[in-house]
Amino acid sequence: MTLRIAVPNKGSLSAKAIELLLDAGYRAHRRNRELRVTDSANDITFFFQRPKDIATYVGSGDLEVGITGLDLLTNSAAPARPILDLGFARSEFRFAAPPGTITSVPELQGRRVATSFPVLVEKHLADHGVRVELIRLDGAVENAIELGVADAIADVVETGESLRSAGLVPFGEPVMRSQAILIQSTRRAYTDDQAVAIQALTRRLRGVLDSRLYAVMDYNCPKAVLDRACALTPGIESPTISPMADRGWVAVRSLVRRDEAQRVMDELEAIGAKAILVTALEGCRITPAP
């Protein structure tokens with residue numbers, strides 16, 4: 001049975017989601033704004049949907065899995081759950097107002113708050129015992145205060161540029177921190193074939209995400225400092241050590257985190273390692289399957 005996957009059709013989630021699927025070996029190219037793309041080789045059909053609607057389609061069981069934002073899933077109140085964090089489209093959900101007007105969540109009591117995420121905001125304010133007049137908008141929330149519609153807003157903040165442009169500053173702790181996630185329904189029952197297909201998809205995506213975090217490091221190491229070198233490059237289980245023609249040296253291969261690779265090379269060089277090479281990964285299987 002073909003696995004049906006909901007993919008964002010626009011916004012900050014869309015391009016990164018498609019890139020991730022392509023890197024995982026799926027044919028998710030979208031030409032001429034198609035609403036559906038079939039990958040026959042992998043028995044998968046991708047449905048391109050509005051990001052806000054994806055949790056609804058997946059929660060209802062009409063589509064087996066989908067890629068959306070944690071904030072969008074939470075606001076939808078759909079019967080769906082995250083099964084894999086995807087690590088992109090990171091953002092915070094914040095309250096904001098003009099400088100010097102509102103500086104804390106309790107000060108929102110009785111005020112007008114504009115948002116495109118009413119479920120998320122209502123729950124957060126209820127948890128804090130704050131009652132407001134909620135103004136529900138579908139976009140351009142930053143303009144609500146200038147236009148006299150609201151006293152404060154609650155919206156997704158990625159870089160903060162939109163808030164600054166509107167003359168607003170965030171206040172209070174973030175309502176939540178969000179990122180792209182892979183979700184599945186908590187209501188529907190999946191067949192064995194569907195469950196296997198979802199596990200395969202998850203393994204592939206996790207492999208791509210891990211390959212972006214790690215790189216292969218090769219170097220030649222004097223045996224006299226091998227223990228120190230292995231402590232710098234412990235790898236996942238342990239480094240691979242191979243003999244060299246010069247019996248005083250060994251060749252070492254290990255996985256290192258990409259963001260630590262330059263520091264590790266500096267430290268290896270300092271203890272006498274030579275011919276240090278770092279190679280990017282196209283894919284891998286590092287994290288155990290669920």
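Me: How many disulfides does the structure hold?
Reply: In this predicted model, a disulfide would need a pair of cysteine sulfur atoms within 2.5 Å. For Cys-221, the nearest cysteine sulfur belongs to Cys-230 and lies 6.9 Å away, and Cys-221 is in no disulfide. For the structure, the number of disulfides is zero.

Me: Is Cys-221 buried or exposed?
Reply: The term buried applies under 20% relative accessible area, whereas exposed applies over 50%. Cys-221 has a relative accessible area of 0%, and therefore this cysteine counts as buried.

Me: Is Cys-284 buried or exposed?
Reply: The relative accessibility of Cys-284 is 14%, to be set against the limit of under 20% for a buried residue. Cys-284 therefore counts as buried.

Me: How many salt bridges does a search of the whole structure find?
Reply: Side chains of opposite charge can pair when their charged atoms come close. Among the pairs in this model is that of Arg-50 with Asp-53, whose side chains meet in a salt bridge. A search of the whole structure finds a number of salt bridges equal to 16.

Me: What is the N to O distance in the salt bridge of Arg-50 and Asp-53?
Reply: Arg-50 counts as partly exposed, at 35% relative accessibility, and Asp-53 also counts as partly exposed, at 25%. A salt bridge requires the side-chain nitrogen to be within 4 Å of the carboxyl oxygen. The side chains of Arg-50 and Asp-53 meet in such a bridge, with an N to O distance of 3.2 Å.

Me: Which helix holds both Asp-127 and Lys-123?
Reply: The side chains of Asp-127 and Lys-123 meet in a salt bridge, at 3.2 Å from N to O, and both residues are exposed. They are separated by about one helical turn because they stand four residues apart within residues 118-127, which form helix H4.

Me: Why are Arg-164 and Glu-161 separated by about one helical turn?
Reply: These two residues form a salt bridge, in which the closest N and O atoms are 3.3 Å apart. Arg-164 counts as exposed at 52% relative accessibility, while Glu-161 is partly exposed with a relative accessible area of 43%. The separation of about one helical turn arises because Arg-164 and Glu-161 are three residues apart in helix H5.

Me: Which residues are linked with Glu-64 in a network of salt bridges?
Reply: A salt bridge joins a Lys or Arg nitrogen to a carboxyl oxygen of Asp or Glu. In the network that includes Glu-64, the linked residues are Arg-4 and Arg-188.

Notes:
Residues are numbered from 1 along each chain as its sequence is written. This is a predicted model: local features need pLDDT of at least 70, side-chain atom pairs count only at pLDDT 80 or more; totals for chains, interfaces and linings use all residues. Side-chain values use heavy atoms; hydrogens and water are left out. Buried means under 20% relative accessible area, exposed over 50%, partly exposed in between (1.4 Å probe, protein chains only). Helices (H or I, at least four residues) and strands (E, at least two) are DSSP runs, numbered from the N terminus.
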